[in-house]
Amino acid sequence: MKKKWWHDKVAYQIYPKSFYDTNGDGIGDIRGIIEKLDYLEDLGIDILWISPVYLSPFADQGYDIADYYQIDPRFGTMKDMDELIAKAGSRGIRILMDLVVNHCSDEHEWFQKAIADPDGKYGKYFYLEDAKNGLPCNWRSYFGGPCWDALPGTDKIYLHVFHKKQPDLNWENPEVREEIYKNINWWLQKGLGGFRIDAIINIKKALPFKNYAPDREDGLSSINHMLEEAEGIGVFLEEMKHRTFEKYDAFTVGEVFNAKPDELADFIGENGHFSTMFDFRSTCFGSSPKGWYDSLPITPEDYKNCCFESQAEAADIGFYANVIENHDEPRGVSHYLPEGEVNDTSKKMLATISLMLRGIPFIYQGQELGMENMAFSSIDEIDDVNTKNEYKTALDAGLSEEDALKAVSRYSRDNARTPMQWTDGPNAGFTTGKPWLLVNPNHVSINAAAQVKDPASVYTYYKKLIALRKNEDYKQTLVYGKTVPYLKEQKNILSFFRQDEHQTLLVAANFQSKPQSIKLPCSNYRVLLNNCDQIAADHGSVLLEGYQAVILECSAPAPL
């Protein structure tokens, strides 16, 4: 594998609206990120992914962009953005922005011009059809309801696979692609390290439009059926790479949910479309086409199988981006750990697995503190448009309001969007004003101020994991070495070797509250990291306490 500058890096995602507010308006801002660069540098972060800060009406929290060349005043100014890129760069931290180009906002100049003249140039920037012919297809939008809506003041309808204020851009039109490439290069010339690429699989539609078999009582069909038939996305992605990213040696991470089984090398291989893409196997596990209310919880054995399947899949191809959580998911510790067993030890165990697997680790803001899901008491406390849609879906399926709220609260995107917990003081130290979203009451016990100076905290443990990954004595193995499962059949034990021709490391985690013993593969070893106070070893075995995780350096290669 040709080595690239991003292979040994650790990335961190910031959701700006909830990170840190410096002007008291209750919304986080770019200056807040600048003020916390020392915190991020201390943690050991190399790459910062900043969720959208472009001008937007915020129908979908900034993922509906009205101007790709402007910073939304809620977050600051372009001068602030330039300062962030420069000050982060002086610390060796590269900035990624979100690239949201499947759709724009209905308030974007292009869409407004399409409304004014549907048959003109800008009408061809979107998917417009004559309303008199009815809906061209029965696709269900990701946020519920048909993918088609009336083009205001006209006899046309337009396609939106997400929110109705997010009209899909027509990638089949080369003029659209040229505009997108122009914008990408404009940002890269500013000094961006690259992009996180949003919902990119959706840019290629299976055309002409057609209906698929309805899969709910609404008579609509999941858009996934269309995506299974869509062919040729690689042509678009290769053109984009050659025209933009490649010229700047930029780092790109794709949000790709629906790649076909044989396409992984095309996406993240040596000459892939992207540098990496997120591993969503465990994220998607248990999901139901009926909706969140019907989703199955993931067990420790399920999680283990997801990890090993992804590691095997990417082993000879490239790097996945490993995630526990992000802005679109619930808090990982509340999702992956059994109810009642979420504590500092189990949180550290999850961190050990994620950061020691082969791939590029992505940490979401607050993950390093072990932030947990919010206890919502009413749907009125929810801001997220997707959660509200899933709540309605649950009610339509016959659930009571109480059960529907409980079901969607487990998966709500707002769990990850509650303000960052900086202190145990008012509003968790996030803002001096009224926060835009409820602050989790547990900030009095889970906050950065306390954890940064606590040698036993979740934050300090994350810092140790990152430092180990960067340690010159182990970096080659942890970055480029193989992942080889160990004791895979032992229930609720998630253990694996990270190994190359010179070194063997063993990562072993007990994914349950009850202690259990594992056989050691080597007679002599060195403990590199342990999330508990002690390690009990005897006669070639180690007794792992509940949720204990250890990283051992074996003195001799393991018998594989």
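In this predicted model, V507 sits across from I551 of β23. That pair belongs to the ladder between strand β18, residues 504-510, and strand β23, residues 549-554, which run antiparallel and share five bridges. Another rung of this ladder joins A509 to A549, its bridge partner in β23.

Zooming out, β18 and β23 are two members of an open sheet of five strands, ordered β16-β17-β18-β23-β20 and paired in the antiparallel sense. The edge positions go to β16 (482-486) and β20 (525-530); each has a single partner strand, so one side of each has no neighbour in the sheet. From one strand to the next, the twist averages 25°.

Two helices pack on this sheet. Helix α12, spanning residues 344-356, touches β17 (493-499), β18 and β23, and its direction makes about 145° with that of β18. Helix α17, spanning residues 458-470, touches β20 and β23, with about 135° between its direction and that of β20. Strand β23 thus turns up in the contacts of α12 and again in those of α17.

How much of β23 is buried? Six of its six residues are, leaving the strand mostly covered. In a regular strand, side chains take turns between the two faces of the sheet. In β23, A549, I551 and E553 point one way, V550, L552 and C554 point the other way, and all of them are buried. A charged residue is part of this set: E553 is buried, and R526 stands opposite E553. The R526 position comes from the pairing of β20 with β23, which is antiparallel and runs over five bridges.

At the other end of the strand order, β16 and β17 also pair in the antiparallel sense, again over five bridges. Here P485 faces F496 of β17. The two strands make a hairpin with six residues between them, and in this hairpin L487 takes a positive phi near 55°.

Moving off the strands, S513 is found in the loop between β18 and β19 (516-519). Is S513 buried, exposed or partly exposed? Its relative accessible area is 47%, which makes S513 partly exposed. Leaving aside residues up to four places away in sequence, S513 touches E341, G546 and Y547. For a longer-range reference, L169 is 344 residues from S513 in sequence, and the two C-alpha atoms are 49 Å apart in space.

Finally, the pockets. Rolling a probe the size of a water molecule over the atoms shows where empty space is left. The second largest pocket holds about 660 Å³ of space. It is lined by 20 residues, and those closest to its centre are S334, L337, E339, N373 and R410. Two elements, α11 (332-336) and α14 (401-409), give two or more residues to the lining of this pocket. Which of them gives the most? That is α14, with four residues. By residue type, the lining of the second largest pocket divides into eleven nonpolar, five polar and four charged residues.

Notes
Residues numbered from 1 in each chain as written. Predicted model: local features only at pLDDT ≥ 70, side-chain atom pairs only at ≥ 80, totals over all residues. Heavy atoms only, no water. Pairing = 2+ DSSP bridges. Axes fitted to C-alpha atoms, helices over the stretch in contact; angles between N-to-C directions. Contact = heavy atoms within 4.5 Å. 1 Å grid on protein atoms, 1.4 Å probe; cavity = no way out; pocket = protein on both sides within 12 Å on 5 of 7 lines; lining within 4 Å. Points joined across faces, edges and corners; volume = space filled by probe spheres on them. Nonpolar A, V, L, I, M, F, W, Y, C, P; charged D, E, K, R; others polar. Buried < 20%, exposed > 50% of the residue type's maximum accessible area, 1.4 Å probe, protein only.
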